[in-house]
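The following exercises are to be worked with the sequence and the coordinates at hand. Each task is followed by a solution that proceeds step by step.

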Amino acid sequence: MSAAVSATGDGATPLRMTYREACKQAIRAAILADPRVFLMGEDVGRYGGCYAVTKGLVEELGEDRIRDTPLAEGGFVGAGIGAAIAGMRPIVEIMTVNFSLLALDQIINNAATIPHMSGGQFAVPLVIRMATGAGRQLAAQHSHSLEGWYAHIPGLRILAPATIEDARFMLQAALDDPNPVLIFEHVMLYNREDVLDPGITKVDIASANIRRPGRDVSLITYGGSLFKTLDAAAALQQEGIEAEVIDLRVLRPLDMTTILGSVARTRRVVIVDEGWKSGSLSAEIAARIGEDAFFELDAPIRRVCSREVPIPYPAHLEQAALPQSPAIAAMARELVRGQ
Amino acid sequence: MTDFLMPSLGADMEAGTLVEWLIKPGDTVKRGDVVAVVETQKGAIEIEIFNTGVVSEIVVPVGALVPIGTVLARLGDAGVSSEPTRPTGMPANGTPSTGTPPTGTPPTGMPPVGMPPSGIPSTGMPPVGIPSTGMPSTGTPPTGTPPAGTPPTGTPPTGTPPTGTPPTGMPPVGMPSTGTPPAGMPPTGVPVTGVPLTEAAGAQPAPPAKPPQPAAPPPTFVPVRPSTGAARPRISPVARRIAGERGIDLRGVTGTGPGGAIVLADIEAARAPTAPPRRRTGFDPAAMRQAIAAAMGRSKREIPHYYLTQTVEISAALARLQSLNSERSPPERILPAALFLRAIAMAMAATPELNGFWEDGRFRAGDGVHVGWAIALRGGGLVAPAIRDADRLSLDEVMAVMRDLVQRARASGLRSSELSDATVTVTSLGERGAETVLPIIYPPQVAMIGIGRIVTRPWVVDGTIAPCPIVTLTLAGDHRASDGHRGGLLLAGIDRNLQETDKL
Amino acid sequence: MTDKVHLDRAHGRRLLTAMLRIRRFEEKCFELYQTEKIRGFMHLYDGEEAVSTGVIEAMLPGDAIVATYREHGQALARGIGMDVLMAELYGKQEGCCRGRGGSMHIFDRATRFYGGNAIVGGGLPLAVGIAMGDKMQRRDSVTACFFGDGAVDEGSFHESMNLAALWKLPVLFVCENNAYAMGMALERAEAETHIARKAATYNMASEAVDGMDVVAVEVAARRAIAAMRETKAPFLLECLTYRFRAHSMFDSQAYRSRQEVAHWREKDPVHRLQSWLEQAGLIHADEVGMIEAGIETEIKSAVAFAEAGTWEPVEDLERFTTMDRVPQ
């Protein structure tokens with residue numbers, strides 16, 4: 001198996017690449033395929049992208065397709081909405097979810113409402129990409145996981161690609177969707193290397209995916225927490241506990257069919273969510289399982305979330321605040337063993 | 001004649017106080033004239049009239065707080081009215097808009113919202129027309145206030161009338177009570193004027209004293225808690241569901257989940273007997289003998305038995321059976337046991353004191369007549385599975401159930417609920433048994449009926465002696481739950497049922 | 001020259017009719033609101049008719065408009081039918097947005113009317129984006145973005161002005177400066193009250209004009225738009241105007257004096273144009289009477305249309321939350 005990181009494969013050799021590279025290839029392919037597609041955001045051009053996702057793209061594709069914007073989130077997100085309404089297919093990059101708060105009005109009051117509020121006259125075929133999550137000791141204002149907030153809003157579709165395939169192909173599916181789609185890329189995933197299956201050329205943006213089947217407990221998670229959860233499942237296997245790991249992939253709308261089907265098989269659930277527990281996406285999932293799979297449950301629903309603190313700077317405190325594999329395994333173990 | 005109504009001036013406006021009239025009766029007004037000033041939460045607003053005419057009547061006085069849609073003034077016929085100005089209120093789909101009075105004009109002469117109704121001495125505020133439960137609709141004024149029909153003199157009562165706020169607890173006139181005070185209004189339960197809530201809310205009369213409740217009917221579910229009164233065990237939803245589907249009695253299940261909760265694994269394990277785990281076929285005679293010994297020992301120790309016997313002549317019953325069976329092949333024929341069971345079940349339904357359980361020092365009636373039918377197993381065991389609601393089954397149905405139970409009992413395929421549901425047990429010694437059986441009650445039941453062998457004996461029929469088929473029925477009763485009198489009634493009932501064969 | 005206004009009979013009549021339509025429509029809305037036919041928030045345009053009329057008179061059908069919650073004037077001037085507009089205010093499904101938006105959210109695909117925005121300053125980035133999309137697709141359109149003096153306080157104004165100037169986007173920023181942001185007087189809110197001057201900080205051209213003079217507004221708009229079609233450069237047009245009625249229906253106007261309102265009523269743009277046209281012999285009083293009669297009929301018909309309208313079935317509540325496709 002070739003170890004080379006290449007932008008284009010020969011079609012037969014599995015491609016080893018980073019998550020970052022997958023994101024970049026997705027942007028590049030989309031822009032080359034459709035003249036209506038362009039990317040704009042802060043430092044996406046000359047700087048090469050805050051997380052180096054777009055490195056080299058402005059040189060290749062030009063400043064009309066890779067547009068640096070001033071630091072004006074409300075302004076350029078609103079502009080992206082307007083451009084989408086006027087017929088373009090913009091990809092707006094908000095550097096991180098932390099800065100997206102400055103654009104909340106445009107996203108929630110314009111992008112999410114205009115189709116419904118106009119009586120179906122206008123669609124907003126806009127894609128917004130944001131980095132999210134903690135783990136780099138960036139302290140409280142740079143460590144939010146607010147995708148659950150956005151998942152609260154009707155009119156938006158929320159994606160959380162965790163695997164290399166999803167990083168590579170969710171973007172195109174999002175661009176094909178006539179509705180506003182928000183894609184959340186966890187900061188700790190950018191460096192993660194994996195092999196891209198050349199047989200996969202597209203993915204859906206509707207379903208959750210069972211990354212690891214099991215029969216004793218369902219571990220439901222997404223994004224940056226996926227690999228921690230898979231690690232926990234591997235550890236549990238050593239103890240004879242078969243954990244099923246579900247990657248949500250789509251946070252709104254939730255794929256309840258996959259979730260409920262899993263719960264009906266395992267009868268025990270742990271939801272892993274890097275957001276804080278209170279009022280988070282994990283709360284929504286727990287409520288729905290309680291509503292629709294109550295009579296399948298053999299144990300209370302459990303969650304592993306961030307501690308209810310602003311994420312602190314020093315490494316030991318930051319790690320203590322975030323969900324970790326041992327805690328996930330311990331929660332699953334408690335459910336299965338009953339202690 | 002056109003009415004000039006209090007207009008709606010904002011999404012959250014429900015009422016306004018008329019603070020100034022700029023017109024008087026006799027004035028000519030035209031469309032667009034400012035005719036009054038209304039005070040709202042947001043300050044004083046001038047209001048315009050949209051009709052042209054001559055003012056004939058000022059209805060609402062200065063100082064009055066009135067809801068939207070209230071008639072403020074009237075114009076005479078000299079007026080040319082434009083489009084109808086009265087609010088029609090409801091959208092066609094019938095959803096009331098909060099704060100909107102219903103279609104049509106609110107009743108005239110209605111005192112403003114917010115004024116305490118009668119019951120509170122206040123200057124100049126008659127209660128005419130206040131729609132609150134318990135209040136006279138035509139307004140018997142309280143002592144000290146002007147008589148009904150007098151327009152309010154406009155003096156507010158003690159305390160400041162709340163602007164736009166009806167006193168909590170009493171919905172404003174005509175408005176659907178949404179239960180939620182409008183934003184900015186005092187929270188529910190807090191009287192705005194400082195007057196105690198009950199009075200401010202219209203002094204609703206105290207509800208009449210409730211008649212004494214009849215004794216609660218016996219519960220129709222089987223409580224899971226053991227009779228020792230232990231805390232209610234916790235059961236996971238799926239365990240409860242599967243136990244229900246399989247008819248597993250949760251009383252007999254030990255929980256291994258958190259805090260002793262019963263979980264699915266416990267239900268799975270409950271299907272098989274605990275020691276040793278066994279398959280469906282066959283049974284352990286020694287274990288069964290032990291169980292019987294324990295039950296019988298306990299019964300004789302704890303239950304004060306009394307015994308009554310009745311000898312019943314059953315030629316009529318047997319004749320009935322013969323006629324029923326004459327057209328049937330052997331597998332479909334009805335056995336005498338079914339006849340007895342049905343007769344017994346119907347009689348039990350009429351004497352409920354014998355149909356139930358003795359628990360915690362008192363009798364608890366069964367939720368139906370579920371007759372346990374004692375079946376001898378090959379190898380020496382004995383089980384008494386229940387025929388549920390035997391009093392409501394037809395003879396054919398009883399026979400079918402009995403056949404099924406016997407077959408499953410011998411194949412060890414009985415459900416635990418069948419083994420625990422019986423409210424009374426019947427034992428018959430069959431054709432090779434003794435003439436009389438004195439049964440031992442199976443606790444916690446309070447009665448057991450034994451049926452002896454059918455024999456032919458001399459009997460007095462119409463003054464002569466003739467050989468007749470007779471059977472001796474014996475009732476064992478728990479004297480804590482019943483006495484000989486009740487027991488005798490039961491036996492008499494069974495006898496009668498066996499004579500009135502057309503009812504069987 | 002397309003920036004000169006030749007005020008002949010037809011043109012004068014057209015302007016007057018347009019403004020009278022708005023004025024009478026708003027008066028009708030005022031009445032209907034008080035009988036609860038129209039609910040929620042409603043913001044009337046009386047006094048500001050010259051701004052929307054003058055600017056939109058200078059625009060072409062392919063141009064785009066973004067407006068605020070006080071947008072009945074823009075909607076009517078743009079040609080959205082009075083009937084579907086009234087039905088929208090009633091909340092009926094025959095309204096331009098199926099009754100979904102009401103007074104503050106008028107959208108119309110046919111006339112490129114993009115709301116109707118209830119967030120002060122919320123429409124400006126949208127206008128920037130529409131202009132951006134048009135420019136990228138090589139259309140000649142310009143986007144007129146109406147907003148009030150209050151929006152100038154918001155960050156979105158500055159971001160949008162900057163983006164439009166930086167990226168050379170054909171946005172006509174029309175500030176309807178009626179001196180109040182709800183109850184907040186301009187001089188109490190802005191360190192620099194000459195709004196047109198603010199464009200200089202973005203290297204953008206601008207002009208301040210008498211917003212009570214429809215001809216002046218039209219002239220200025222025409223000039224700015226003509227240049228914009230060539231250069232794509234944005235422009236800020238500050239129109240000094242006044243709203244005769246309160247901010248919204250539920251407003252006691254404690255923040256301004258009656259004298260001030262009366263003073264501005266003397267500059268009523270509709271009366272001014274009418275007098276001027278009459279004095280210039282471009283229109284006769286009986287013609288005005290006929291125009292008024294026609295408008296009255298039109299309004300009656302619109303009200304009847306709205307009254308006869310139906311409610312969108314509740315089963316359709318979730319329709320268009322997400323779209324199956326982009327409408328073409």
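**Exercise 1. Backbone and burial at Gln253(C)**

Task: Classify Gln253(C) as buried, partly exposed or exposed, and describe its backbone setting.

Solution. The structure is a predicted model.
- Step 1. Gln253(C) has 19 C-beta neighbours inside 10 Å and therefore counts as partly exposed; a buried residue would need 20 or more.
- Step 2. Gln253(C) is found in the loop of chain C between β9 (235–240) and α9 (258–265).
- Step 3. The phi of Gln253(C) is positive, about 55°, although the residue is not a glycine.

**Exercise 2. Two loop residues of chain B**

Task: Carry out the corresponding analysis for Asp462(B) and for Arg333(B).

Solution.
- Step 1. Asp462(B) belongs to the loop that links β18 (455–461) to β19 (464–478) of chain B.
- Step 2. Its phi is near 50°, a positive value in a residue other than glycine.
- Step 3. With 5 other C-beta atoms within 10 Å, Asp462(B) is exposed, since the class takes residues with 12 or fewer.
- Step 4. Arg333(B) sits in the loop between α5 (315–325) and α6 (336–350) of chain B.
- Step 5. Because Arg333(B) has 15 C-beta neighbours inside 10 Å, it counts as partly exposed.
- Step 6. Neighbours within four places in sequence being set aside, Arg333(B) is in contact with Asn325(B) and Arg328(B).
- Step 7. Arg333(B) and Met399(B) are separated by 66 residues in sequence, while their C-alpha atoms are 8.4 Å apart.

**Exercise 3. Cis peptide bonds**

Task: Describe the peptide bond from Pro443(B) to Pro444(B) and the bond that joins Gly115(C) and Gly116(C), and locate each in its chain.

Solution.
- Step 1. Between Pro443(B) and Pro444(B) the peptide bond is cis, and omega is near 5°.
- Step 2. Pro444(B) lies in the loop between β16 (424–428) and β17 (447–451) of chain B.
- Step 3. Gly115(C) and Gly116(C) are likewise joined by a cis peptide bond, with omega about 20°.
- Step 4. Gly116(C) is placed in the loop between β3 (113–114) and α5 of chain C.

**Exercise 4. The faces of a helix**

Task: Which residues of helix α10 (residues 269–279) of chain C are buried, and how are they arranged about the axis?

Solution.
- Step 1. The buried residues of α10(C) are Pro269(C), Val270(C), Leu273(C), Gln274(C) and Leu277(C).
- Step 2. Viewed down the axis of α10(C), these buried residues fall within an arc of 130°, so they line one face of the helix.
- Step 3. A general rule applies here: an α-helix has 3.6 residues a turn, so residues three or four places apart point the same way.
- Step 4. The buried residues of α10(C) pack against α1, α2 (49–57), α8 (214–231) and α11 (285–308) of chain C.
- Step 5. On the face turned away from the buried side, α10(C) carries the exposed residues Ser275(C) and Gln279(C).
- Step 6. After α10(C) comes Gly281(C), with a positive phi near 70°.

**Exercise 5. The contact of chains A and C**

Task: Characterise the contact between chain C and chain A, and analyse the helix pair α3(A) and α6(C).

Solution.
- Step 1. Chain C contributes 37 residues to the contact and chain A contributes 33 residues.
- Step 2. On the side of chain C, the largest share, ten residues, comes from α5(C).
- Step 3. That side of chain C comprises 17 nonpolar, twelve polar and eight charged residues.
- Step 4. The axes of α3 (residues 73–85) of chain A and α6 (residues 155–166) of chain C come within 8 Å and cross at roughly 65°; the crossing is right-handed.
- Step 5. The residues that make this helix contact include Gly74(A), Gly75(A) and Gly78(A) of α3(A), together with Gly155(C), Ser156(C) and Ser160(C) of α6(C).
- Step 6. By class, the contact of α3(A) with α6(C) has three nonpolar, six polar and one charged residues.

**Exercise 6. The largest nonpolar core**

Task: Which members of the largest nonpolar core touch the most other members?

Solution.
- Step 1. The core has 247 residues, and the members sought are Leu219(A), Ala332(A) and Leu172(C).
- Step 2. Helix α1 (residues 9–34) of chain C supplies the largest share of this core, ten residues.
- Step 3. Residues up to four places away in sequence not being counted, Leu172(C) touches several residues, among them Val142(C), Ile225(C), Met228(C) and Phe235(C).
- Step 4. Another core, of 57 residues, lies apart from it and includes Ile334(B), Phe363(B), Ile375(B) and Leu405(B).

How values were computed: Residues are numbered from 1 along each chain as its sequence is written. Chains are lettered from A and ligands numbered from 1 in the order in which they are written. This is a predicted model: local features need pLDDT of at least 70, side-chain atom pairs count only at pLDDT 80 or more; totals for chains, interfaces and linings use all residues. A nonpolar core is a set of buried Ala, Val, Leu, Ile, Met, Phe, Trp, Tyr and Cys residues joined through C-beta atoms within 7 Å. Helices (H or I, at least four residues) and strands (E, at least two) are DSSP runs, numbered from the N terminus. Two residues are in contact if their C-beta atoms, placed from the backbone, lie within 7 Å. Axes are lines fitted to C-alpha atoms, for helices over the stretch in contact, and angles run from 0 to 180 degrees between N-to-C directions. A crossing is left-handed if the near helix is turned anticlockwise from the far one by less than a right angle, and right-handed if clockwise. Ala, Val, Leu, Ile, Met, Phe, Trp, Tyr, Cys and Pro count as nonpolar, Asp, Glu, Lys and Arg as charged, and the others, Gly among them, as polar. The arc is that of the directions from the helix axis to the C-beta atoms.
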